[in-house]
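Biologist: Got a minute to go through this one with me? I'd like to ask about the fold, the packing and a few oddities.

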Amino acid sequence: MSQELIPYITEARPDTGLTNGKIGIWCFLASEVMLFGAFFASYIVLRTTAVEWPHGSSILNVPLATVNTIVLITSSVTMVMAWASLMRNDFGAYRMFLGATVLLGFCFLGIKYVEYSAKFEHHLLPSTNNFLAIYFIMTGLHGLHVIGGMITNAYFLFAAPSYWDHDRELLGHRVEYSGLFWHFVDLVWIFLFPILYLL
């Protein structure tokens, strides 16, 4: 077995026109699409074959979920602004916008905690019915992805001064990849919100 390591490069490869890091993050996101795709497909099968299926708005809190949707979309905007600030060599603005992205992630999880708590208080559990089972599984899995994105963004928030002093281009690439993951997390929620809460 070859022990050769794949080098981290900041220049695009001549054979693909992409950096190794960008190829890696797109492959990872493709695997995530397959993961969530399986759950969406399961939801469709369960719903179309069920004799009765509750309407999401009769069980779930649509106003809170609407606020959470706005929070996540706003966090995507601040993520883009953080990367754009980095490209403009405005380090202060970069840290402000990335910090706002992390805070908005906390806000999303806080609202989700309130929503989950209300369900548990009313004894609406994953074991109650198939709708709630898939609701908790899909939103819980999405929440884990939000936490993962927040940890990554927090790392590039607090470790940024070291990167800024030694390799700004490397920092720009890694923040871009972290941003792609964050946008994916937002995109998944944009599909989850209407399917679970509105339809």
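**Helix packing and a few details**

Modeller: Sure, let's start with a pair of helices: the axes of helix α1 (residues 20–49) and α5 come within 10 Å and cross at roughly 165°. Keep in mind that this is a predicted model.

Biologist: How do α1 and α5 run relative to each other, roughly parallel or roughly antiparallel?

Modeller: Their axes cross at roughly 165°. Angles over 145 degrees count as roughly antiparallel. That makes the relation of α1 to α5 roughly antiparallel.

Biologist: And which hand does the crossing of α1 and α5 have?

Modeller: General point before the answer: two packed helices are described by the angle between their axes and the distance between the axes. Here the axes of α1 and α5 come within 10 Å. As for the hand of their crossing, it is left-handed.

Biologist: Stepping back, how many helices and strands does the protein chain have?

Modeller: Reading from the N terminus, the elements go α-α-α-α-α-α-α. The C-alpha atoms fill a box of roughly 60 × 45 × 25 Å along the principal axes. The secondary structure adds up to 7 helices and 0 strands.

Biologist: At what angle do α4 and α5 cross?

Modeller: Helix α4 covers residues 91–121 and helix α5 covers residues 130–158. They are roughly antiparallel to each other, and α4 passes α5 in a left-handed crossing. Their axes come within 10 Å, and the crossing angle is roughly 155°.

Biologist: What's in that contact of α4 with α5, by residue class?

Modeller: Sorting the residues of the contact of α4 with α5 gives three classes, nonpolar, polar and charged. The counts are 17 nonpolar, 8 polar and 4 charged.

Biologist: How many charged residues are in the contact of α5 with α7?

Modeller: Those two axes also come within 10 Å and cross at roughly 160°, which makes α5 roughly antiparallel to α7. The crossing of α5 and α7 is left-handed. The contact has 16 nonpolar and 8 polar residues, and the charged count is 1.

Biologist: Which side chain meets K22 in a salt bridge?

Modeller: Side chains of opposite charge can pair when their charged atoms come close. The structure holds 2 salt bridges, and one of them has an N to O distance of 2.8 Å with K22 on one side. The partner of K22 is E176.

Biologist: How many residues apart in sequence are the parts that K22 and E176 tie together?

Modeller: K22 and E176 meet in a salt bridge. K22 lies in helix α1 and E176 in helix α7, so the parts tied together are apart in sequence by 154 residues.

Biologist: Which elements give two or more residues to the nonpolar patch?

Modeller: The nonpolar surface patch is about 520 Å² and is made by I73, V77, M81, L187, I190 and F191. L187, for one, is found in helix α7. The elements giving two or more residues are α3 (62–87) and α7 (168–198).

Biologist: Now the oddities: in which loop does N89 lie?

Modeller: Most residues other than glycine have a negative phi, and most peptide bonds are trans. N89 has a positive phi of about 60° although it is not a glycine. Its place in the chain is the loop between α3 and α4.

Biologist: What about H123, what is its phi?

Modeller: H123 is found in the loop between α4 and α5. H123 is not a glycine either, yet its phi is positive, at about 60°.

Key:
Residues numbered from 1 in each chain as written. Predicted model: local features only at pLDDT ≥ 70, side-chain atom pairs only at ≥ 80, totals over all residues. Heavy atoms only, no water. Axes fitted to C-alpha atoms, helices over the stretch in contact; angles between N-to-C directions. Helix = DSSP H or I, 4+ residues; strand = E, 2+ residues; numbered from the N terminus. Parallel < 35°, antiparallel > 145°, perpendicular 65-115°, else oblique. Left-handed = near helix turned anticlockwise from the far one by under 90°. Nonpolar A, V, L, I, M, F, W, Y, C, P; charged D, E, K, R; others polar. Patch = residues over 30% accessible without salt bridge, like charges linked within 9 Å, V, L, I, M, F, W, Y side chains within 5 Å. Areas by Shrake-Rupley, 256 points an atom, 1.4 Å probe, with all protein chains shown as cover. Salt bridge = Lys/Arg side-chain N within 4 Å of Asp/Glu carboxyl O.
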